[in-house]
Amino acid sequence: MTGPIAGWITGRNLRGLLELLSGYAGYAFDATDWETVQIGVERTDDEEPDGWYAYPLVGAEATPEVHLAQAVGDDVVSIRITGAESPELRLRADTLISACAVL
């Protein structure tokens, strides 16, 4: 069992990260998924343990789950990715987080 991959990204990069990660997992992330995530993240707070929103990406290749929470008053979204078991997916997820942390 591997631990979560965690970090933060800017809010404007969230959709792109989810679309790319979904592709790596073999999941077709679409407009309905995005609307669901937007609604789910609205009232999150990364300083509250139960203030996070989780969204599974059940794909043909992998089933990562993305945990998201806003930094209140900022355009930063904290992120934890669980279920990325393969070394390749873990590396890709970590790289995506780093690339999407651009302010």
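In this predicted model, strand 1 (residues 5-10) runs antiparallel to strand 4, and six bridges join the pair. A convenient place to pick up the register is Ile-9, which faces Val-77 of strand 4. Strand 4 also pairs with strand 3 (residues 65-70), again in the antiparallel sense and again over six bridges. Here the register can be read from Ala-69, which stands opposite Ser-78 of strand 4. Strand 4 thus has pairing partners in both strand 1 and strand 3.

The link between strand 3 and strand 4 is a hairpin, with five residues separating the two strands. Within that turn, Gly-73 adopts a positive phi of about 85 degrees. As for solvent exposure, strand 4 is mostly covered, and five of its seven residues are buried.

Strand 4 comes up again at the largest pocket, a space of about 150 Å³. Helix 2 (31-41) and strand 4 (76-82) each contribute at least two residues to the lining. Of the contributors, helix 2 gives the most, with four residues. Readers following along in the structure will find Trp-34, Val-37, Gln-38 and Val-41 in the lining, together with Val-76 and Val-77. Val-77 is therefore worth a second look, because it both lines the pocket and stands opposite Ile-9 of the strand 1 pairing. The lining further includes Gly-11, Leu-14 and Glu-42, as well as Gln-70, Asp-74 and Asp-75. Sorted by class, the lining comprises six nonpolar, three polar and three charged residues.

Attention now turns to charged side chains. Side chains of opposite charge can pair when their charged atoms come close. A search of the whole structure turns up one salt bridge. The partners are Arg-15 and Glu-19, whose side chains meet at 3.0 Å, N to O. Both residues belong to helix 1 (residues 14-25), where they are four residues apart, about one turn of the helix.

Is this pair buried or exposed? Arg-15 has a relative accessible area of 32%, so it counts as partly exposed. Glu-19, at 36%, is likewise partly exposed.

Conventions: Residues numbered from 1 in each chain as written. Predicted model: local features only at pLDDT ≥ 70, side-chain atom pairs only at ≥ 80, totals over all residues. Heavy atoms only, no water. 1 Å grid on protein atoms, 1.4 Å probe; cavity = no way out; pocket = protein on both sides within 12 Å on 5 of 7 lines; lining within 4 Å. Points joined across faces, edges and corners; volume = space filled by probe spheres on them. Nonpolar A, V, L, I, M, F, W, Y, C, P; charged D, E, K, R; others polar. Salt bridge = Lys/Arg side-chain N within 4 Å of Asp/Glu carboxyl O. Buried < 20%, exposed > 50% of the residue type's maximum accessible area, 1.4 Å probe, protein only. Pairing = 2+ DSSP bridges.
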